[in-house]
Amino acid sequence: MDKMIIRGGARLIGEVQIGGAKNAALPLFMAALLTRDPIRLRNVPALRDINTVEKLLRNMGIRVERKGAEALVQAESLDTIEAPYDLVRTMRASILVLGPLLARAHEAKVSLPGGCAIGTRPINLHLDGFQALGAEIELEHGYIHARAEKLVGTTIDLPLPTVTGTENLMMAAALAEGTTVIENAAREPEVVEVGNFINRMGGRISGLGTKTLVIEGVGALHGTEYTIMPDRVEAATYMVAAGMTRGNLLLRGARAEHLTAVIDKLREAGMEIHQENGGIRCLITGPIKSVDAKTLPYPGFPTDVQAQLMAMMCFANGLSVISETVFENRFMHVSELKRMGADIQVEGHSAIVRGLGELSGAPVMATDLRASASLVLAGLAANGTTEISRIYHLDRGYERMEEKLRAVGADIQRVKA
Ligand code: EPU
């Protein structure tokens, strides 16, 4: 297993190109199942999760060609309707294949994803929604077996605005008979992206970006070309990096309108952030200030940036309370940050960070994607050397992270196992 070795202290100065959004790209690859025509995707990020989705589709007999940031996906015919355990266990988002398969092939067998490092993460809302659309669902031998001769539009009121649940149901409803209304739908930009993409394929979805989605089923969808939106979590991570290293970064391609809650919070923490020449400029001149934050569904402060903000708060001088309301157990980074000298106490769903103005380098272990990112940030700003093991988590969601960081002055190296 590769390791990352970071010698902290360098100010990050320069430009970082933000890649395509992982959490938009994944459902778009799956949505290609909704038509026999070719789908061309641009701005596809170079990530391990994207390799996994490609494997999953190829395993079904689907043509997937990839050249740099461009991908061609064509699901002319399917060899199997199964998403096997060995792929699903490496990427929970594999569950996104269920909706498109049901719509396209009327049947799907997808391994149950199981728990993960950030909590139990059930998929009951996906399954309840498919049942409401007319699917029969059985759980057998660790697999979800879903069947539907036809899917029929209905009203689905989600108890929680689940992101992939909304996407999954929207993809299935796009080819259902009649109209589906999803109430309390997720409003994340990635959900809007999936809706826009389906509309480009000939779908009829309205209400995107609001809590009520109306999906008029169509008889068939056709091929299209689409450029994937920039990754707002990658952008937020580099924003925090600029603040923590007292640097000055221009994040090329990042879209401020997707990052309002993050930008507001980082400004409160003392950063200067503004739009400039096709990107976002971020820097800090004064001290890092302690701020409180509470994660919420979009447009609230994203859970995917909670760990990074916590790392930053270790470098403030004062108390900060960070509450996680989206996931039950997303504080795996706390014990690792403590190894670097952080003073953090977890009480229920909140972490109380007593900022000491510094951390010291230490050997730490990556546990999930965003927790790993917070350790990289902590290492960049810490005194001395930080060695992060299990960095395969990072490769799932951060494209060439060490290259991008080195290009703006970081002393970071990947050591091959
Ligand atoms: N939930 C249920 N039942 C369900 C579905 C969700 O109880 O059937 C609960 C979850 O346990 C959680 C809450 O609802 O407490 C919200 O979860 P959601 O379903 O919205 O999360 P997700 O769709 O599984 C996506 C992203 C995550 C991101 C969350 C929240 C993708 C592929 N994943 O997950 O991204 O944290 O939304 O914004 O889009 C990451 O990129 O590192 C990542 C974890």
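**Exercise 1. Which residue in β9 is the bridge partner of S111?**

Work on the sheet around this pair. Keep in mind that you're looking at a predicted model.

*Solution.*
- Step 1: Start with the two strands. Strand β7 covers residues 107-111 and strand β9 covers residues 143-147, and they pair in the antiparallel sense over five bridges.
- Step 2: Now pick out the pair. S111 has Y143 as its bridge partner in β9.
- Step 3: Zoom out to the sheet. Four strands make up an open sheet with mixed pairing, and their order is β6-β7-β9-β8.
- Step 4: Check the borders. β6 (82-83) and β8 (136-140) are the edge strands, each pairing on one side only.
- Step 5: Look at the loop between β8 and β9, where H141 is found. H141 has a positive phi of about 50°, although this residue is not a glycine.

**Exercise 2. Find the order of the open sheet that contains β1, then locate the bridge partner of I6 in β24.**

*Solution.*
- Step 1: Read off the strand order, which is β22-β23-β1-β24; this is an open sheet of four strands with mixed pairing.
- Step 2: Mark the edges. They're β22 (363-365) and β24 (411-415), and each of these pairs on one side only.
- Step 3: Get the average turn. Ignoring direction, neighbouring strands of this sheet are turned by 20° against each other on average.
- Step 4: Go to strand β1 (residues 3-7), which pairs with β24 in the antiparallel sense over five bridges. I412 is the partner you want in β24: it bridges to I6.

**Exercise 3. Describe the shell around the ligand and explain where the ligand lies relative to the two domains.**

*Solution.*
- Step 1: List who's there. The ligand has 20 residues around it, and N124, T162, T164, D304 and V326 come nearest.
- Step 2: Sort the shell by character: nine residues are nonpolar, six are polar and five are charged.
- Step 3: Look for backbone contacts to ligand oxygen atoms. For V326, a backbone N or O atom lies 2.5 Å from one. For V163, the distance from a backbone N or O atom to a ligand oxygen is 2.8 Å. P122 has a polar backbone atom 3.3 Å from an oxygen atom of the ligand.
- Step 4: Add the burial. On its own the ligand would expose 830 Å², and the protein buries 86% of that.
- Step 5: Assign the shell to elements. Those giving two or more residues are α1 (22-31), α5 (124-132), α6 (163-173) and α12 (369-381). The top contributor is α5, with three residues.
- Step 6: Bring in the domains. Domain 1 (2-19 + 230-416) and domain 2 (22-227) both supply shell residues, so the ligand lies between them.

**Exercise 4. Which peptide bond is cis with omega near 10°, and where is P299 placed?**

*Solution.*
- Step 1: Identify the bond. The peptide bond running from Y298 to P299 is cis, and its omega is near 10°.
- Step 2: Put P299 on the map. The loop between β18 (293-294) and α10 (306-313) holds this proline.

Conventions. Residues numbered from 1 in each chain as written. Predicted model: local features only at pLDDT ≥ 70, side-chain atom pairs only at ≥ 80, totals over all residues. Heavy atoms only, no water. Near = heavy atom within 4 Å. Polar contact = N/O pair within 3.5 Å; in protein donor to acceptor, adjacent residues only side chain to side chain. Areas by Shrake-Rupley, 256 points an atom, 1.4 Å probe, with all protein chains shown as cover. Nonpolar A, V, L, I, M, F, W, Y, C, P; charged D, E, K, R; others polar. Domains from an automatic or database assignment. Pairing = 2+ DSSP bridges. Axes fitted to C-alpha atoms, helices over the stretch in contact; angles between N-to-C directions.
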